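Reader: Please put the structure up, and then I will ask about it piece by piece.

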Amino acid sequence: PPVTLQARQSSNPIVSMAKKLGLRTLAWISVYMLGYFDFSVAWMITPLLLSVMRDQWKKDKRNKLTAARESALSNEQAMIEARMNVEDLPSWVFFPDKERAEWVNSILKQLWPYVNDYVRHTLFNTVEPAVESALKAYKLTPFKFERERVFLGQVPPRITGIKVYDTNTSRKEIIMDLDIVFASDLEIVFKVKGIPARVSDFGLRGMARVVLKPLISQIPLVGGIQVYFLKAPEIDYTLGGVAGTLEIPGLNKIVERIIIEQVKNFIVLPNKFSMPLVDTIPNKVLKCPDS
């Protein structure tokens, strides 16, 4: 059975107040010390400007993610009537060769709790041991996901447009391009050497190609499936816990570049995710570069 998605745990208001009080106290002490030792006013203005820029940058991120979630949870007619931002409108509005995919989105919505269950199982049984093994060389073990705080959230990915190629393709395959928007409210909490960190508010936007090949004359009529992005998708996220110190313009770009490189190595052309659907189809048929 699928995992029931639980509400996120709310933080203790007393702890939150204590943290804010501590930060404010530290800020005032810093200002006092700057004046006491006759430092230049630039030492005070520079952190202030950086703080304002960081707050504005985080606000812009939240607004974009909120708009994307609203578009994912609403039907397309309501979304267009609300006159949302141009970047949030489905691709079929602008490109006549793209078809609407509301029926696919309805299926995804029903499947999402089961997808959550599958991803949790994969993270705990495959990803966690692999990451811990990779971190041993850096003496950053143990690495562990928090079992009760790993969820994909309530918002499924949304297909905003779909195109099926019916010309200039092989008769033994079906090729589709899917415009995907994923504005997730996921939460993934993990610990490295006992130090907690969190990834949340994950967002992804890009065009994925799905290839069904080869077509066969036995059920399920398709021998396998390939999935890959034609170019690296746009990725956004929020880091929490100790990892939240990386949410600084500049440093965050470095982290984002590393993540994009890892995504490219997994599912961006020429790399492909391939899965055979029947045992009689050799893996090389799915991995061949002719599509």
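**Salt bridges, rings and backbone**

Author: A network of salt bridges links E128, K144 and R147. The model is predicted, and the mean pLDDT of its protein chain is 75.

Reader: Where in the protein chain is confidence lowest, and where is it highest?

Author: In the chain, 67% of residues reach a pLDDT of 70 or more. By element, the low end is helix α3 (residues 76-81), with a mean of 52. The high end, at 92, is strand β6 (residues 224-229).

Reader: How many contacts beyond four places in sequence does the model have for residues 1-10?

Author: Over residues 1-10, pLDDT stays under 50. Where pLDDT is low, the predicted coordinates should not be read in detail. With that caution, the number of such contacts for residues 1-10 is 22.

Reader: Which residue meets E128 in a salt bridge at 2.7 Å, N to O?

Author: Side chains of opposite charge can pair when their charged atoms come close. E128 belongs to helix α4, and its partner belongs to strand β1 (residues 143-151), 19 residues apart in the chain. The partner at 2.7 Å is R147.

Reader: Is E128 buried or exposed?

Author: The cut-off for buried is under 20% relative accessible area. R147, across the bridge, has 33% and is therefore partly exposed. E128 has a relative accessible area of 5%, so E128 is buried.

Reader: Which ring has R147 over its face?

Author: R147 takes part in the salt-bridge network with E128 and K144. R147 also lies 4.3 Å from the centre of an aromatic ring, over its face. That ring is the one of F124.

Reader: Which residues form one aromatic cluster with F124?

Author: A search of the whole structure gives 5 aromatic pairs. The cluster that holds F124 is completed by F143, F145 and F190.

Reader: What kind of pair do the rings of F143 and F145 make?

Author: A pair of aromatic rings is described by the distance of the centres and the angle of the planes. F143 is buried at 6% relative accessible area, and F145 is buried at 9%. Their ring centres are 5.2 Å apart and their planes stand at 80°; the cut-off is over 60 degrees, so the pair is edge-to-face.

Reader: How far apart in sequence are the parts that R158 and E102 tie together?

Author: The side chains of R158 and E102 meet in a salt bridge of 2.6 Å, N to O. R158 is in strand β2 and E102 in helix α4 (residues 102-135), so the pair ties together parts separated in sequence by 56 residues.

Reader: Which relative accessible areas do R158 and E102 have?

Author: Buried needs a value under 20%, and partly exposed runs from there to 50%. R158 falls in the buried class, with 5%. E102 is partly exposed, and its value is 22%.

Reader: How many salt bridges does a search of the whole structure find, and what is the N to O distance for E187 and R149?

Author: The search of the whole structure finds 6 salt bridges. E187 and R149 meet in a salt bridge at an N to O distance of 3.3 Å.

Reader: Which strands do E187 and R149 link?

Author: E187 is buried, with 8% relative accessible area, while R149 is partly exposed at 25%. The two residues are 38 apart in the chain. E187 is in strand β4 (residues 187-192), and R149 is in strand β1.

Reader: Which residues does the cis peptide bond with omega of about 20° join, and which the one with omega of about 15°?

Author: Most residues other than glycine have a negative phi, and most peptide bonds are trans. The cis bond at about 20° leads to P220, which is in the loop between β5 (195-212) and β6. The one at about 15° leads to P270, found in the loop between α5 (251-267) and β8 (273-276). The pairs are I219 with P220 and L269 with P270.

Reader: What phi values do N168 and L221 have?

Author: N168 lies in the loop between β2 and β3 (174-183) and is exposed, at 83% relative accessibility. L221 is in the loop between β5 and β6 and is partly exposed, at 44%. Neither N168 nor L221 is a glycine, yet phi is positive: about 55° for N168 and about 75° for L221.

How values were computed. Residues are numbered from 1 along each chain as its sequence is written. Side-chain values use heavy atoms; hydrogens and water are left out. pLDDT is the predictor's confidence in each residue, from 0 to 100. Helices (H or I, at least four residues) and strands (E, at least two) are DSSP runs, numbered from the N terminus. Contact means heavy atoms within 4.5 Å. A salt bridge is a side-chain nitrogen of Lys or Arg within 4 Å of a carboxyl oxygen of Asp or Glu. Buried means under 20% relative accessible area, exposed over 50%, partly exposed in between (1.4 Å probe, protein chains only). Rings of Phe, Tyr and Trp (its six-membered ring) pair if their centres lie within 6.5 Å; planes under 30 degrees apart count as stacked, over 60 as edge-to-face and the rest as tilted. A charge sits over a ring if NZ of Lys or CZ of Arg is within 6 Å of the ring centre and within 35 degrees of the ring normal.
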